[in-house]
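Please open the structure in your viewer and keep the selection tool at hand. The tour below proceeds stop by stop, stating what to select and what is to be found there.

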Amino acid sequence: MITPAMPSENSDEPRITAVTRRDLFDHLRGATEPWYGRLDEIAFLDGLYDLDTLPSDDPRYTSARGDIIQHRLNNFDWEDDWIFEDPRLQLLDGPDEVLLAFLARLVHPEVQSDVDRAARQVDEFNRLLAPDGWALRAREFLSGRPIYEPIATGKAAGPVIPLPLRDDDASKLDLVLGQTHYLLGEDGHGLARDLLREATLTLRRDGGIYHPTPGDNWTSDTYEAVLTVAPSLATEFTPAVIDPIWQHLGAVLKQLEREDVMSLAIEAARLPLPPVAQNWRQLAATPAPSNQARRERGINELPNHGRAGLRQQGRARRLPGPD
């Protein structure tokens, strides 16, 4: 039974954002079956709330139970998704535990009799909850069917990278590099992590082929991951640095369904080309001034007193001839 309460003040606990909550509600709105499953709404909510103590929004009734019976069973003048934004139930902006208990109730064997459907629902819930550090896991079984409960996964997942991951998805590849950077830090590879911060990741065909499904005749191109780094840092990428980078980068790419990336290459960035004027041919045909001409031009550009001082210095340096 849920007792609605204020969110916990413990900043270490995960916090399900409004974005995730609305994603979950949108998913449930698009479902082909009602959220209350094979129960009615009162029976479903009785497993979560004390409907007799929640206030009524209708002055004719003393509790939320009377409200729901009147507007959902008698008149049926509330929308099917009324539950998601009713402030008394705290699903939209209440504590995490309230929403998580609701999600677990949705896939309880009493509500959802189809085990496969419940499992697919849990997979989608977990995909949406992962960035906020929560998941549903099977805790025990009722008549051979799993009962799920929420668990904190310990840390929020990395940024969501939508599939497919294409060769030219520069922004997604940068997130892949960020996830690799994080994993290197977690694994204690500080030098590799720091060097990766200045790199750019691209994917390119390497000329090879592989069999996505071993034993058949279908082949696909293979790719290599290319890290482009500053020329001054290229020599820092020794095997001791490259190996852990590829270990984690390769794992991230496989998780994002890029099993066709087979290797890692390190390349120094090309230096920028020099600026060139439109009339460079004319400038190139003009003879370069000699050193003497440069000195004389420098003297002529000085004020009069400066030129006089240089002439005096020149005379002072002349040695007197023999008597």
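How are H6 and H8 oriented to each other: oblique or roughly parallel? The model on the screen is a predicted one. Select helix H6, residues 170-186, together with helix H8, residues 239-255. Their axes come within 9 Å and cross at roughly 130°. Angles over 145 degrees count as roughly antiparallel and those from 65 to 115 as roughly perpendicular, with the rest called oblique. H6 and H8 are therefore oblique to each other.

Remain with this pair and display the side chains. On the side of H6, the contact is made by Val176, Gln179, Thr180, Leu183 and Leu184. H8 contributes Pro244, Ile245, His248, Leu249, Val252 and Leu253. Colour these residues by class: eight are nonpolar, three are polar and none is charged. The crossing of H6 past H8 is right-handed.

**Second stop: H1 and H5**

Now select helix H1 (18-29) and helix H5 (115-129). The axes of H1 and H5 are 9 Å apart, and the two helices pack at an angle of about 155°. H1 and H5 are therefore roughly antiparallel to each other. H1 also passes H5 in a right-handed crossing.

Which residues of H1 and H5 meet? From H1, select Thr20, Asp23, Leu24, His27 and Leu28. From H5, select Gln121, Glu124, Phe125, Leu128 and Leu129. This contact of H1 with H5 holds five nonpolar, three polar and two charged residues.

**Third stop: the nonpolar cores**

Select Trp35 and Phe102 next. In the largest nonpolar core, which has 37 residues, Trp35 and Phe102 touch the most other members. Two or more residues of this core come from each of helix H1, helix H2 (41-46), helix H3 (64-74), helix H4 (96-106), helix H5 and strand E1 (134-142). H4 gives the most to this core, with seven residues.

Centre the view on Trp35 and show what surrounds its side chain. Setting aside residues up to four places away in sequence, Trp35 touches Glu41, Phe44, Leu45, Asp80, Trp82, Ile83, Phe84, Phe102, Leu106 and Val111. Apart from the largest core lies another, of 25 residues; Leu173, Val176, Leu203 and Leu253 are among them. Two of these names have already appeared on this tour, for Val176 and Leu253 also take part in the contact between H6 and H8.

**Fourth stop: H3 and the loop that follows**

Select H3. Its buried residues are Ala64, Gly66, Asp67, Ile68, Gln70, His71 and Arg72. Display H2 as well, since the buried residues of H3 pack against H2.

Then move along the chain to Phe76, in the loop between H3 and H4. Its phi is near 55°, a positive value in a residue other than glycine. Phe76 is partly exposed, with a relative accessible area of 49%.

Gln90 is found in the loop between H3 and H4. Although Gln90 is not a glycine, its phi is positive, about 60°. Is Gln90 buried or exposed? With a relative accessibility of 16%, Gln90 counts as buried.

**Fifth stop: two further loops**

Select Gly144, in the loop between E1 and strand E2 (145-152). Gly144 is exposed, with a relative accessible area of 62%. Add Pro109 to the selection: Gly144 and Pro109 are 35 residues apart in sequence, and their C-alpha atoms are 9.5 Å apart in space.

Finally, select Asp260, which lies in the loop between H8 and strand E5 (261-268). Asp260 is buried, with a relative accessible area of 10%. Beyond its neighbours within four places in sequence, Asp260 is in contact with Tyr210, Asp221, Thr222 and Tyr223. His211 lies 49 residues from Asp260 along the chain, and 9.4 Å separate the C-alpha atoms of the two.

**The whole chain**

Clear the selection and view the entire chain. It has 11 helices and five strands. Buried residues make up 33% of its 323 residues. Among contacts between residues at least 6 apart in sequence, 58% join residues at least 24 apart.

Methods. Residues are numbered from 1 along each chain as its sequence is written. This is a predicted model: local features need pLDDT of at least 70, side-chain atom pairs count only at pLDDT 80 or more; totals for chains, interfaces and linings use all residues. Side-chain values use heavy atoms; hydrogens and water are left out. Axes are lines fitted to C-alpha atoms, for helices over the stretch in contact, and angles run from 0 to 180 degrees between N-to-C directions. Helices (H or I, at least four residues) and strands (E, at least two) are DSSP runs, numbered from the N terminus. Angles under 35 degrees count as roughly parallel, over 145 as roughly antiparallel, 65 to 115 as roughly perpendicular and the rest as oblique. A crossing is left-handed if the near helix is turned anticlockwise from the far one by less than a right angle, and right-handed if clockwise. Contact means heavy atoms within 4.5 Å. Ala, Val, Leu, Ile, Met, Phe, Trp, Tyr, Cys and Pro count as nonpolar, Asp, Glu, Lys and Arg as charged, and the others, Gly among them, as polar. A nonpolar core is a set of buried Ala, Val, Leu, Ile, Met, Phe, Trp, Tyr and Cys residues joined through side-chain atoms within 4.5 Å. Buried means under 20% relative accessible area, exposed over 50%, partly exposed in between (1.4 Å probe, protein chains only).
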